[in-house]
Amino acid sequence: MRVSFKRRLPMTLTVISSRLLRINMFMGAALMGLYLSGSCVQAHADGSGMYGRIMESLADVMQMLIDENNTTGLADGCYVPDWFGYSGGTGRVTIDCQEVTVREGRAYASLVFDSGSYSYVRVDGDVYEGTNTADTSVFEIPVRLNRNNTVTGCTTKMSSAHEIAYSIFIYIGEAEGSASKRTDGDTPALSDTGEWSQTELSKEAPQIANLAFERETAAEHAELFRIFHYEGGLTLIETDSGTDPDAGAEEGTEESGTEPYHKRIIRYLIVPDQAEIPAGLDKEMVIIRRPGKTEGEERFHAYAASVPVLEGMKELGQLHSLALTGMTEEECRIPEIRRLLKEKKVTFGGTYDDIEYKALVAGKCDLALMPAELLPSGRSMEGTEDPPEDSYKTYKEISGYMGELGIPVFIDLSAMEESSGAQAEWIKVYGALFGCEEKAQELYLTRQEAVR
Amino acid sequence: MADKQKRENLCRNIRLRILIHILAWTMIFAGGCERRQEEGKAGQDLKEAPEIEGLACESRVELEYAQGFQIYRYSKGCRVVDVKEGLSYLVVPDGTGIPDHLPDGMVVLQRPMDHIYVAGTATMAMFHALEGIDKVSFSALEADGWYVDEAKEAMEKGRMKFAGKYDEPDYEMLVDAGCDLAVESQMIYHTPKVMEMLERMDIPVFIDCSSNEGHPLGRVEWIKVYGVLLGKEDEAAAFFRKQTEILEELSDNADTGQSVVYFYINSGGQAVVRTGTDYITKMIEIAGGRYPFESLKDESGSTVAITMEEFYSVASRADYLIYNASIDNRLRSIGELTARNEILKGLKAVKEGNVFCTDKDFYQASDIAAEMIRDIHIMLTKGDEDQMTFLYRVSE
């Protein structure tokens, strides 16, 4: 019986499509084979000749398909980054990015170096030349948004060409990978402005690049700190010292690397041991990395010169994180710590205003906990007199040297709180620093009960 | 008659004796004056030497080309190294006590120093020449950054460790292992905090200023300073003497009239040439060549970048080209050079095939300036090119 055309069509189509499928698979396999063999040949071929060129273009095509590269879901057009950060280099040259262009679904950033000596940059193995003026070098490079990108700049400033590696992070809220894109919409409110206030503590959790905010540890009585928790175990502590540490000081620019300390509102970001954070955050905040686990527990090698902090460490059972103190055995009023000093388990690292840097380096110090007196405004807490002139110098020097050694400094402002209840609440801060917030909360509640 | 003769003889005798007296006393006085002049000069030499309580300055090391330092010998085996644009260093031998009162700003270096951190690249060659690499425990470059094979090997075997670049030293590593001296280049002046921090770690800092020397052998003469630091002054003097001898062997230093251009092309496509006062320019002149760009000047002192057109206008008639591969990669053929810019095909040296190239990292080889001068001389006099150590002829 002859099958009608109508019935034959689907059959034919099925046959044809399955054949096509087989052909496609065959072609795909052939292409892969050619690519693989081509890349072998490429290693030997000098690029000239038909075969070489075909192999090269095939390789390029395959490469493009495999790589993530700088594709983005953003619509084509020009964008101004919501935030830009970079790290690397010596700090003498600054980099800025004010413009990101999206063309055919790929993102390109316009990177400006404030030095005319950069002859090229390298990204992912490709070299990009730019435009140089006497004072600037501008490059347009492909970038992955909302992620760290490694960019190597070549400067000809010195007698031999130098390549310097930088890491850059461009945050655009609308692009994929940003916090708002990743959460389900029931995240707590974030502050509207991209800027972090320099004159008061944040009322709502500040936006930190693409980090998603999780929850706040509220301060009930204390007025000089805030604690915000972000995804990935990151914690932001903000403290308010009441005045800009440099106000009243003589003219003088701070050295790069210590900017976070020269503000009224100091922000500390506590980061888990190996976690990667957006490049350039260290220019805005003090980054405190948690130590890795040794023998099952995390321990800092902290230098502590603040008595409330030492008390807190004792109560939280964190004395194993103490390596150096800011007072000698005779001066120490806390028995447990006096004993540690006597047994030489903890050493004297110099007073907070006269630090023995060598002792800190020898003791592998990775965190310095300072009293409020380190700040010029902390010195004149009692009266209304101006801080002594040398207190500005001391602060600048110590923050500078600690920055040079790579030791983050945390300044305990509990002594500046008005009420003892507010002072006691700083145990929550110490809990956040040492990763034992539950214990801190317990202690705080117990104290509250006791007062009542 | 006899009387007259006798009188004449007497007169002649007297005149003779007077003459002898005059000659003798003149010589005595003259000799005395000379001695006093010598003493006066020696006193003059030591007048600039710092005064140190408890130590007497005995003599000064003679320098032939270097102008950037002085070395004074004191009692008890002490030495003072006075760096003209820098600091004064008191080098105290092993076992000798350090004087209580020292002039302001004087840095004490107590021997032996054998856990040294070397962050000045020219320094490593000096240590190598003095067989002192084993005293270097830390370096500011990774293994593959060194041209000195012995240093590279020591790093690969773990005897020398990378302790961070000059502007980011690993203080912990240095303090842990008892680093007793940091030798830095003048780059450290850009990062004064690092220098202060090293001093706070009780690590004295010595700054090598040899790159300020205008004469290439002046740079090499800094080996005498390292001889003092390592307690190998005789070896340093011997090495330096050998270098000056190589120079003396170039007897026909007379101007060959041939011109040599020393340059490289940077990634911006510009030609980077040496200034008229640079030490490489001096080397060319000592070797008997002329440097067509001798009127070029720059505040930084050593190199200037110019456009290819400017370069061509001066270099087109140069007899020889030396391509500086310290920064770039080695040239494998003249074709590679002309591929960078077509205009180069018109250079006389290119047309005649007189293009040479330096070995990579020549700038680290500060100890063999004399050999380099000899290489240039061989090139200019069409000598035996197999004898060249740092230059090679680039083939077509």
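Here is a short conversation about how to read this predicted model.

Visitor: What should I know before I start?

Guide: Residues are numbered from 1 along each chain as its sequence is written, while chains are lettered from A and ligands numbered from 1 in the order in which they are written. As this is a predicted model, local features need pLDDT of at least 70, side-chain atom pairs count only at pLDDT 80 or more, and totals for chains, interfaces and linings use all residues.

Visitor: What does pLDDT average in chain B?

Guide: pLDDT is the predictor's confidence in each residue, from 0 to 100. Where it is low, the predicted coordinates should not be read in detail. Chain B averages 86, and 91% of the residues score at least 70. The model scores ipTM 0.74 and pTM 0.77.

Visitor: How many residues of each chain take part in the contact?

Guide: Two residues are in contact if their C-beta atoms, placed from the backbone, lie within 7 Å. Here 18 residues come from chain B and 17 residues from chain A. On the side of chain B that touches chain A, α5(B) gives the most, with 4 residues. Helices (H or I, at least four residues) and strands (E, at least two) are DSSP runs, numbered from the N terminus. That side of chain B has 7 nonpolar, 6 polar and 5 charged residues. In this count, Ala, Val, Leu, Ile, Met, Phe, Trp, Tyr, Cys and Pro are nonpolar, Asp, Glu, Lys and Arg are charged, and the others, Gly among them, are polar.

Visitor: What is the strand order of the open sheet in chain A?

Guide: Two strands pair if DSSP finds at least two bridges between them. The open sheet of 5 strands runs β1-β3-β4-β8-β7 (chain A), with antiparallel pairing. β1 (77–79) and β7 (131–132) of chain A are at the edges, each with a single partner strand, so one side of each has no neighbour in the sheet. β1(A) pairs with β3 (residues 95–103) of chain A over 3 bridges, and the bridge partner of Gly77(A) in β3(A) is Val102(A).

Visitor: Is helix α9 of chain B mostly covered or exposed?

Guide: A residue is buried if 20 or more other C-beta atoms lie within 10 Å of its own, exposed if 12 or fewer, and partly exposed in between, with C-beta atoms placed from the backbone. Helix α9 (residues 279–286) of chain B is mostly covered, with 7 of its 8 residues buried. Among them are Tyr279(B) and Met283(B). The cover includes α6 (216–220) and α13 (369–380) of chain B. Just after α9(B), Gly288(B) takes a positive phi of about 100°.
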